[in-house]
Amino acid sequence: MRAQVWRFTVTGAISALIDLGITLLLVNTIVGADSIARTAGFIAGTTAAYKLNRRWTFRSGRSTKRFVLVWVLYGLTFFVNIGLYTVTFRMLDPYIVSSNLARFPAFVVGQGVATVLNFLVQRLVIFKLR
């Protein structure tokens with residue numbers, strides 16, 4: 001299990017960089033709306049996370065059932081992630097000099113809770129399926 005936690009953490013860090021990078025790029029250049037930018041970042045980061053976790057963390061073959069279950073889980077944790085991000089950002093933004101600086105801890109809170117939920121459900125349920 002220790003190796004899985006380590007691989008999941010590395011995968012999560014890579015995926016979070018993709019997610020946050022796309023979120024900040026879009027919110028500051030193209031989209032301007034946090035919710036749209038955050039959703040696009042989440043989708044890109046989550047796609048990378050699924051592929052890396054399936055192949056590297058859980059060393060699992062392709063499975064339509066697992067694929068569907070993981071995306072249902074990601075859909076549910078999307079609302080947890082975005083909800084916590086939004087609440088945290090709105091709380092911090094008036095007190096922090098730059099909105100981008102307020103986005104970082106908001107991202108960490110939302111992503112952190114969603115990551116723990118994702119790992120637990122994937123490890124204990126989804127990748128135990130045969």
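These questions and answers look at a predicted model and at how its features earn their labels.

Q: Why is Arg 59 called exposed?
A: Exposed means over 50% relative accessible area. Arg 59 has 59%, so the label fits. Arg 59 sits in the loop between helix 2 (34-57) and helix 3 (64-92).

Q: What makes the phi of Arg 59 worth a look?
A: Most residues other than glycine have a negative phi. The phi of Arg 59 is near 45 degrees, a positive value.

Q: How do you know that the span of helix 4 (residues 99-124) agrees with its number of residues?
A: The expected span is 1.5 Å times one less than the number of residues. For the 26 residues of helix 4, that gives 38 Å. The end C-alpha atoms are 37 Å apart, so the two values agree.

Q: What covers the buried residues of helix 4?
A: The cover includes helix 1 (2-30), helix 2 and helix 3. Among the buried residues of helix 4 are Ala 102, Ala 106, Phe 107 and Phe 119.

Q: What makes the pair Ser 98 and Asn 100 a polar contact?
A: The cut-off is 3.5 Å between N or O atoms. At the start of helix 4, a side-chain oxygen of Ser 98 comes within 3.2 Å of the backbone nitrogen of Asn 100.

Q: Why is the set with Phe 8, Leu 73 and Phe 119 called a nonpolar core?
A: A nonpolar core joins buried residues of kinds such as Phe and Leu, through side-chain atoms within 4.5 Å. This one is the largest, with 10 residues, including Phe 8, Leu 73 and Phe 119. Helix 3 gives the largest share, 3 residues.

Key:
Residues numbered from 1 in each chain as written. Predicted model: local features only at pLDDT ≥ 70, side-chain atom pairs only at ≥ 80, totals over all residues. Heavy atoms only, no water. Helix = DSSP H or I, 4+ residues; strand = E, 2+ residues; numbered from the N terminus. Buried < 20%, exposed > 50% of the residue type's maximum accessible area, 1.4 Å probe, protein only. Contact = heavy atoms within 4.5 Å. Polar contact = N/O pair within 3.5 Å; in protein donor to acceptor, adjacent residues only side chain to side chain.
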